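Let's take a walk through this structure together, one stop at a time. Have the sequence and the 3D view open as you read.

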Amino acid sequence: AVFPDQVACAENLVGDIRIPDHPLVNETIRDCLHEAMDLDGLRTLIERIDCGDIRAVAIDTAEPSPLSHEILNANPYAYLDDAPLEERRARAVQMRRTLGPEAGEIGALDAAAIAEVASESWPVVRDPDELHDGLLTLIAVPPVVEWRSFFDALTASRRATTLTVGDTPFWVPAERLALARVLYPDATMAPDIHAIDRGPLPDRESAATEVLRGWLESTGPTTATEMATRLAMPRDLVEAALVRLESEGQILRGRFGSTGQTETGWCNRRLLARIHRLTIGRLRREIQPVTAAEFTRFLFRWQHLAPGTQLHGVEGTLHVLAQLQGYEISAAAWESDVLPRRIANYSPELLDRLCLAGEVMWGRLSPHPAFNIFESVDGSGAGQRSGRRVRPTRVAPVTIFLREDARWLLDLGQSRQEPSLFGSPLSHPAREVLEALTRLGASFMAELVRATRRLPSEIEDALWELAAAGIVTADGFENLRALVDPKRRRGEGRDRLRRPRHAAGRWALLSPQARIPDAVSTDSLPSPHALAAERADAFAKQLLLRWGVVFRDLLARETLAPPWRELLVSLRRMEARGEVRGGRFVEGFLGEQFARPDAVEALRATRRMDVPLGTLRVAAADPLNLVGITTPGPRVSALANQFVDVLPPQPAIA
């Protein structure tokens, strides 16, 4: 029965859904449609399919394709129960089977799980009747010493016999004797019994299919070579029977065993699901989430701050810089608070050697706030500057990075600023030096003095302003030291006679704008979407190298990080390829987490370690200043000239 007031209410609901204009509602919609899902990308895909740029092709496969894994595993979260998303994603047997040989240890099934399932599925024989039931399933069985007395009882009652193929004997039940004779036409039988098979005789390939069906239901993963050797069958006959079983959906192919397996394996679908569940259970037990305190202790060892983990020499310095590249730290803190904590017996010459050899370079990559453009208040559409000026200070953020990775790191910075805006936020000397560097290219200090006809002190201030704005860099790190050290700039201090006031290296634009030659077609260049995906892949790998374990909260001070939704796509793709693990590694943090395989082992070692590290103290500018991010307490600004206790002193374990 429908009442009139219900009809009136239903009529009022006709039309477009009205979404309330509320900050919480807008944020929820944005998180659901643009963070967890890519609605804009879906709309673009549908439009390209509609206009014919993308063609949809239907193909029948023996297993779900990798493109369907997102739907099969309900990714993003689309269930009503409370199971974690990463656990639900790990349940898919198909994903583990299609990882391929590059999956390594992550994609391989546990050997103990395979042995356990194979033992459970093998027939249990405690008397002649149970042996007879097993023979009906397996059809042809090589002699088993433990079952000999039971088989003698069966042969005495003429319920089974022995077929000898060449030099290999097989136990065969009377009910399957005719089928076995089709499979082994040249076999000899002893004792001679009558076959009691019913129905028409199959061909040899069908007989091989039935034998392999029974064996795969009673054993774990195997290969065609193993089955051909065990059952004395031609390999081509075994392969044909396996393909027939696969087409029926009874078995699945893949690499299920050790990482060194080269031949394709075969396994019964039901047994594979059991092996997979046991493997996932083992992996989950191994990756029990650690606490935030344990994760912080892990980071101190991962980034070489813990006692005994520091690196040495030029190679150690290069490794630390490769781990920290892309993370911007105040210029004065690099050699006072960051590198000496990670490099034993650190000296400035180590960094100078890497810079002068062309291994690393430095510069500010994030856009300076002075170059930000805001919409006009009157709604005219004209942009307005922030009104700020570039002020060179010792806390200007600078990163040191490998020259071979400069391209994608510079792309991340350029994607957030307009090069044509270099001008008004800068002082007149800085603009003249910028114009000279643009015209002359890399130049020494004396060349800039001649080109601008300004005093060396003015050129110094202009270069420091351009460096703080992220516009220029230099051949060596000594150039930056000369600008950061106030006593050296004033010609004071004990080193004024030993070290010159100005560094000898050349100055150059950090990222000169490359002009596309006229002969090069812009159609051959990568699309903006492809470039964004490439940058996200590179930065995701860098985050994994820096932190070992990556989740959204760790990006709080990553000034160059792409949006989390883009990184999430790259990390999921890396997990599907078996390069990283997905799961719950650190408790207390929401969202998906990803870890390098070696970081998982290091996390387990940290959890088992009984020796406390004492007070974990770092400079405020250090990347491990995670107070208020991963550990309790108010955040401490990275610009603060102080040290912070990341964790309080830990009591010794009795």
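Start with N625, which touches R557, V618, A619, A620, V636, S637 and V644, leaving out residues up to four places away in sequence. Keep in mind as you look that this is a predicted model. Where along the chain does N625 lie? You'll find N625 in the loop between β17 (616-619) and β18 (643-647). Being in a loop doesn't tell you whether a residue is covered up, so is N625 buried or exposed? Its relative accessibility is 0%, and buried means under 20%, so N625 counts as buried. One of its neighbours deserves a second look: the side chain of N625 reaches the backbone oxygen of A620 at 2.9 Å.

Now zoom out for a moment. The protein has 654 residues, and 43% of them count as buried. Its secondary structure comes to 27 helices and 18 strands. How much of the contact network links residues that sit well separated along the chain? Among contacts with a separation of 6 or more, 67% are between residues 24 or more positions apart.

For another loop, go to V125, between α7 (111-121) and α8 (128-138). V125 has a relative accessible area of 13%, which is under the 20% limit, so this residue is buried too. What is V125 in contact with, once its neighbours within four places in sequence are set aside? The list is E130, L131, W147 and F150. Take W147 from that list: W147 is 22 residues from V125 along the chain, and the C-alpha atoms of the two are separated by 7.4 Å.

Follow the chain past α8 and you come to some backbone oddities. Most residues other than glycine have a negative phi, and most peptide bonds are trans. I139 goes the other way, with a positive phi near 70 degrees. I139 is found in the loop between α8 and α9 (148-156), and it is buried because its relative accessible area is just 3%, under the 20% limit. A232 also has a positive phi, this one near 55 degrees. It belongs to the loop between α12 (224-231) and α13 (235-247). At 28% relative accessibility, A232 falls between the 20% and 50% limits, so it counts as partly exposed. As for peptide bonds, the one joining A190 and P191 is cis, with omega at about -5 degrees. P191 lies in the loop between β3 (188-190) and α11 (204-218).

Next, turn to the strands. β7, β11 and β8 form an open sheet of three strands, in the order β7-β11-β8, with antiparallel pairing. Which strands are at the edges? They are β7 (329-330) and β8 (360-363), each of which pairs on one side only. β7 pairs with β11 (residues 397-402) over two bridges, in the antiparallel sense. To see one bridge for yourself, pick out S330, whose partner in β11 is P397.

P397 also takes us to the last stop, the second largest pocket. Along with R364, V395, A396 and L639, P397 is one of the lining residues that lie nearest the pocket's centre. The full lining has 23 residues, and by class these are 11 nonpolar, six polar and six charged. How much space lies in this pocket? About 570 Å³.

Note on methods: Residues numbered from 1 in each chain as written. Predicted model: local features only at pLDDT ≥ 70, side-chain atom pairs only at ≥ 80, totals over all residues. Heavy atoms only, no water. Helix = DSSP H or I, 4+ residues; strand = E, 2+ residues; numbered from the N terminus. Buried < 20%, exposed > 50% of the residue type's maximum accessible area, 1.4 Å probe, protein only. Contact = heavy atoms within 4.5 Å. Polar contact = N/O pair within 3.5 Å; in protein donor to acceptor, adjacent residues only side chain to side chain. 1 Å grid on protein atoms, 1.4 Å probe; cavity = no way out; pocket = protein on both sides within 12 Å on 5 of 7 lines; lining within 4 Å. Points joined across faces, edges and corners; volume = space filled by probe spheres on them. Nonpolar A, V, L, I, M, F, W, Y, C, P; charged D, E, K, R; others polar. Pairing = 2+ DSSP bridges.
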